[in-house]
Amino acid sequence: MNPNWNHIVREHLAVLRLPPEREIEIVEEQALHLEATYEDALAAGSSEAEAEARAMRSYDWRLLECELSRAERPLAARLREQDLWRPDNYPRRRIRMETLWQDLRFGARSLMKQPSFIALAVLTLSLGIGANTAIFSVVNTVLLRPLPYKDAEQLVAVWEGRTQGNQVFSPAEFLDYQAQNQSFTEMAAYRSMYFTLTGQGEPEQLDGMIVSANFFSLLGVPAEHGHIFQPEDGRAGAPRVAVISHDFWRQRFGGASNVIGKALTLNGEPVTLIGVMPPGFQDTSQSIERQIWLNPHQVVPDWIPNSTVDLLSMRHTGYLQVIARLKHNGTLHQAQMDLDAVAARLQQQYPRPAGHGAHIISLQEQTVGNVRPTLLILLGAVSLVLLIACANVTSLMLARATERYREMAIRTALGASRWRIVRQLLVESLLMAGLGGAGGWLLAVWSERLIVASGLREIPRLNEMGLDYRVFAFTLIMSVLTGLVFGLAPALAAAKPDLNSALKEGSRSGPAGRNRLRQALVVAEVALALVVLIGAGLLVNSFARLLAVKPGFNPQHLLTMRIGLTNQQYSKSVDKKRFVTELNARLEAVPGVESVGIGDDLPVAGTGSSTTLKIQDQPAASPNDLVAVGLHVINPHYFDALGTRLLKGRVFTERDTAGAPSVFIINETLARRLWPNEDPLGKRVRYNSADPWGEIVGVVEDVKFDGLHLASTPHLFEPYQQNAWSFLVGAIRSPLDQKAVLAAAQREVKALDPNLAVSNVRMMEEVVAQSLATRRFTLLLFGLFAGLALLLATVGIYGVLTASVSQRTRELGIRIALGATARDVGRMIVGQGLKLVLSGIALGLVGALALQRMIEKLLFGVSPTDPLTYIAIASLLVGVALVACWIPARRATKVDPLVALRSE
Amino acid sequence: MLDKEVKRGSTEMLILALVEDRPRHGYEIAKLIEERSDGVLQFHPASLYPLLYRMEKRGLIKGTWIEKAGQRRRRYYKLMPEGKKALNEQRQTWSDFFAALDRVAKINPA
């Protein structure tokens, strides 16, 4: 019997995967050739076996494969079958590129067939990736990037005290640590101070610092023009010189290049300008835009300018903040041990109560440590939003995969491998994710501009915002990960079609497993959305409570300002007191002004000074038992102007002068703390051992001096006439227009002294709002993310139910034909949706409870497990979900049984 | 380089020449080449058929399935005008080539 040549040839050529029709022709022709050879051999007298062997020998199959492969198939197709044939010198990378290029083109074509699908998916991804990129760029700027100083990782802040309470150093202590430490290449001290600039048009009050001469060289930032302080600028008796900020230079001197060497008058004293810092330079305090830095008079930054006190021997009054640079390869731990050793030596030499010493913290941590929890929580929330977006797109892809089920089945039947199909679908997903990433990047660029433009100073370093390679890498990685996350499941599902059922005529829907996956995704989306929504709910709740806090003053119609009595002519107390008395009288005489408060500090700003209080006849057992109080010097109408209620006794009067007996007013908290069951009036206290005891004459309600969110602390008030300070704040209560009041105030100040500057003019309501700016920012972003999460989850529910209704059209038609009412059908669909939503909510509640500790730090007056918030948010989600279910349900009730039954 | 070109050119010319007077199928072409060259030129089917397909793609020849009475259908290749032109050119080239060889090395068998 003749061998089956067709079969033999087909087996040998199967690897070529030729197009079917072509394969038939070639196989037949080769078979004929073999048969002819075989028959010739038989005719020549060979046996059948010999003839067959001869025919087979005449064929070199390997050569035929190669030659046919070359003759029949285009290059790219051949190259994909790498194990089959490839010229030895053909670069592997080029093969991969050609394959990838083909997949990309195919993917793009396939996506373009469904523009609405891709628009929805890309929009969803753009929002998710964009929000993540925007928050990451904030995190990157604030937390990840090194501070803008030379080798910033070596910079540390040094504080007095063993523990974390940040105390300041006295000059003598600073000099001891500077001389004795082994860990730092340099240590610099500074103190912030206001200066009044005169002799240059209108007097102006400047935010400045007095710094030790090595301050700028320690930070490693050179001047833009002129030069920074040199070592000789720090010697005792060196002439006063100043370095100014770039912005101040532009604004005050119009950016003129000849300012170096110019003489300025600061606080009535001549100062030579030696340098201008580069644009964007910030010293160590990020929240204040410093305008000027001065060198010290006496080696260390001065306490009071031109004071005759010998600063170098001052050991018990601290006012210096300190920064230092670690030696190369030095660690924080080693430096801390070193400082502890110095502290122990100093303790022997100059014994002090326990708790003194020094501790260090990296400058980066000090600068941004406070906002880290806020930013990380925002990043967490926004990544949940991205997960929801991914779930949504996965669901869309699954729906699309269902539609493409037959396409995949046909491709599989034609011999496409599973990996090939997975790869193709993944390329499509990545293409979409890439588009989403590009959209997200645009969104991030836009929000970055918005954030910079917002000028928010409460979050440090935002002025440095910029999208750098790290943010770009983040976006890229996010996009790829996103593409893999939402692409993998649908791709794997699509690549394993059940050929038999898929290829049957008319079958259009995918397997049930895919619907279950989509439903699971909706449950996950609802759960994630609930977590973000609860976070936002808790923050809203906190914010509302913060706004409801009784601040102890009335911020409405209250104009505040700052005046510095820093000029030479006010060096004596009596001159300051005279000025304040006269200013008070003049301002109160302005028509429309109700009351005028003058003091050293205003509420909410948290800039006040503090001291420890001693009580007559109650000696403290140890220094730790002394009561720490906030100290304020005020004029008689201070509380009137603020709108603070007097609870007991009296306020100060014009008779409480330097010659009169010392008197104090205390706040409620201090009264409760010291005399919980006694009348505090008539008790005698003092904070300075050298002063006589003073009598408590009044108790006022608690005023939130340090911020609305902080618990009230003890505060002590003293008449300005008994303790005059150089830095004044004014608070004018008047129903008149802010501008008119300000103009009047400025006029009166000028009439009294034309060289005084009024600065920081703001309405008290603004000050309060500013103190809440970070919280408002967090709330706004969180709210935005929560809204986005809710929207995405709603779209997810809607999408799944709509798809379910259209897939079940036939079933619904039968139900209606069998007598189900529209109400039954509607209820069934809504029920199906609600089941998913409720499962999601249950899961989300568990998640929210598990994550509650993370958000605790951002809350005020609300427990992270506040049941009301949880219930309200869950109800909101159910309500919104009901609407999302109702629309497809309505569509289901409109199914015409006749049309439905005919449709498939 | 010349070797490869010459070899391919010569095989193509042989095939074109064999189908010049009438269409022939692949086996017949292989047989004829072997017979007419007294076994000096042997054509491996693994090279022959792919070459035929390529020549067909270039429009030199055209294959057609023809069923003759009492026989299985076979694929016959006939010369196309494009092939005729190529054959003439190649004949000329080879003739020039041999003339040159002869002039130099006296190898003309005639």
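I count two residues as in contact if their C-beta atoms, placed from the backbone, lie within 7 Å. I keep that cut-off in mind throughout, and I note that this is a predicted model.

**Entry 1: Val276(A)**

I started with one residue. Val276(A) sits in strand S7 of chain A, which covers residues 269–276. Is Val276(A) buried or exposed? I found 24 C-beta neighbours inside 10 Å. A residue is buried if 20 or more other C-beta atoms lie within that distance, so Val276(A) counts as buried.

Next I listed its contacts, leaving aside neighbours within four places in sequence. Val276(A) touches Ala223(A), Glu224(A), His225(A) and Gly226(A). Ile244(A), His246(A) and Trp249(A) are also in contact with Val276(A). I then checked Ala242(A), 34 residues away along the chain from Val276(A). Their C-alpha atoms are 8.9 Å apart.

**Entry 2: strand S3 of chain A**

I moved to strand S3(A), residues 204–211. This strand is mostly covered, with six of its eight residues buried. I looked up its partners. Strand S2(A), residues 184–198, runs antiparallel to S3(A), and eight bridges join them. In this pairing, Leu197(A) stands opposite Glu204(A).

The hairpin of S2(A) and S3(A) has five residues between the strands. Gly199(A) in that hairpin takes a positive phi near 80°.

S3(A) also pairs with strand S8(A), residues 292–294. Here three bridges join the strands, and the sense is parallel. Ile210(A) faces Leu294(A) of S8(A). I noted the general rule: strands of a sheet pair through backbone hydrogen bonds, either parallel or antiparallel.

**Entry 3: strand S12 of chain A**

I looked at another covered strand. Strand S12(A) spans residues 595–599, and four of its five residues are buried. Which strand pairs with S12(A)? Strand S20(A), residues 727–733, does so in the antiparallel sense, over five bridges. Gly599(A) has Val729(A) in S20(A) as its bridge partner.

**Entry 4: nonpolar cores**

I looked up the largest nonpolar core. It has 114 residues. Which residues touch the most other members? They are Val385(A), Leu530(A), Val532(A) and Ala789(A). Helix H13 of chain A, residues 372–403, gives the most to this core, with 19 residues.

I followed Leu530(A) further, again leaving aside neighbours within four places in sequence. Leu530(A) is in contact with Gly840(A), Ile841(A), Gly844(A), Leu845(A) and Ala848(A). Its contacts also include Ile873(A), Ala874(A) and Leu877(A).

I found a second, separate core of 63 residues. Among them are Leu147(A), Val156(A), Ala213(A) and Ile274(A). A general note for context: in soluble globular proteins, nonpolar side chains tend to be buried together.

**Entry 5: chain B**

I turned to chain B. Its 110 residues are 25% buried. I found four helices and three strands. Along the sequence, they follow the pattern α-β-α-α-β-β-α. I also looked at contacts in chain B between residues at least 6 apart in sequence, and 41% of these join residues at least 24 apart.

The three strands of chain B form an open sheet in the order S1-S3-S2, with antiparallel pairing. Which are the edge strands? They are S1(B), residues 24–25, and S2(B), residues 61–66, and each pairs on one side only. S1(B) pairs with S3(B), residues 74–79, over two antiparallel bridges. Arg24(B) has Tyr77(B) as its bridge partner in S3(B).

**Entry 6: where the chains meet**

Last, I checked the contact between the chains. 15 residues of chain A touch 13 residues of chain B. On the chain A side, helices H2(A), residues 20–43, and H4(A), residues 61–72, each give two or more residues. H4(A) has the largest share, with seven residues. By class, the chain A side has seven nonpolar, three polar and five charged residues.

How do H4(A) and H3(B) pack? H3(B) covers residues 45–57, and the two axes are 8 Å apart at an angle of about 5°. Angles under 35 degrees count as roughly parallel, so H4(A) and H3(B) are roughly parallel to each other.

I listed the residues that meet there. H4(A) brings Leu63(A), Leu64(A), Glu67(A), Leu68(A), Arg70(A), Ala71(A) and Glu72(A). H3(B) brings Ala46(B), Ser47(B), Pro50(B), Tyr53(B) and Arg54(B). The contact of these two helices has seven nonpolar, one polar and four charged residues.

Key. Residues numbered from 1 in each chain as written. Chains lettered and ligands numbered in written order. Predicted model: local features only at pLDDT ≥ 70, side-chain atom pairs only at ≥ 80, totals over all residues. Pairing = 2+ DSSP bridges. Nonpolar A, V, L, I, M, F, W, Y, C, P; charged D, E, K, R; others polar. Axes fitted to C-alpha atoms, helices over the stretch in contact; angles between N-to-C directions. Parallel < 35°, antiparallel > 145°, perpendicular 65-115°, else oblique. Core = buried A, V, L, I, M, F, W, Y, C linked by C-beta atoms within 7 Å. Buried ≥ 20, exposed ≤ 12 C-beta atoms within 10 Å, placed from the backbone.
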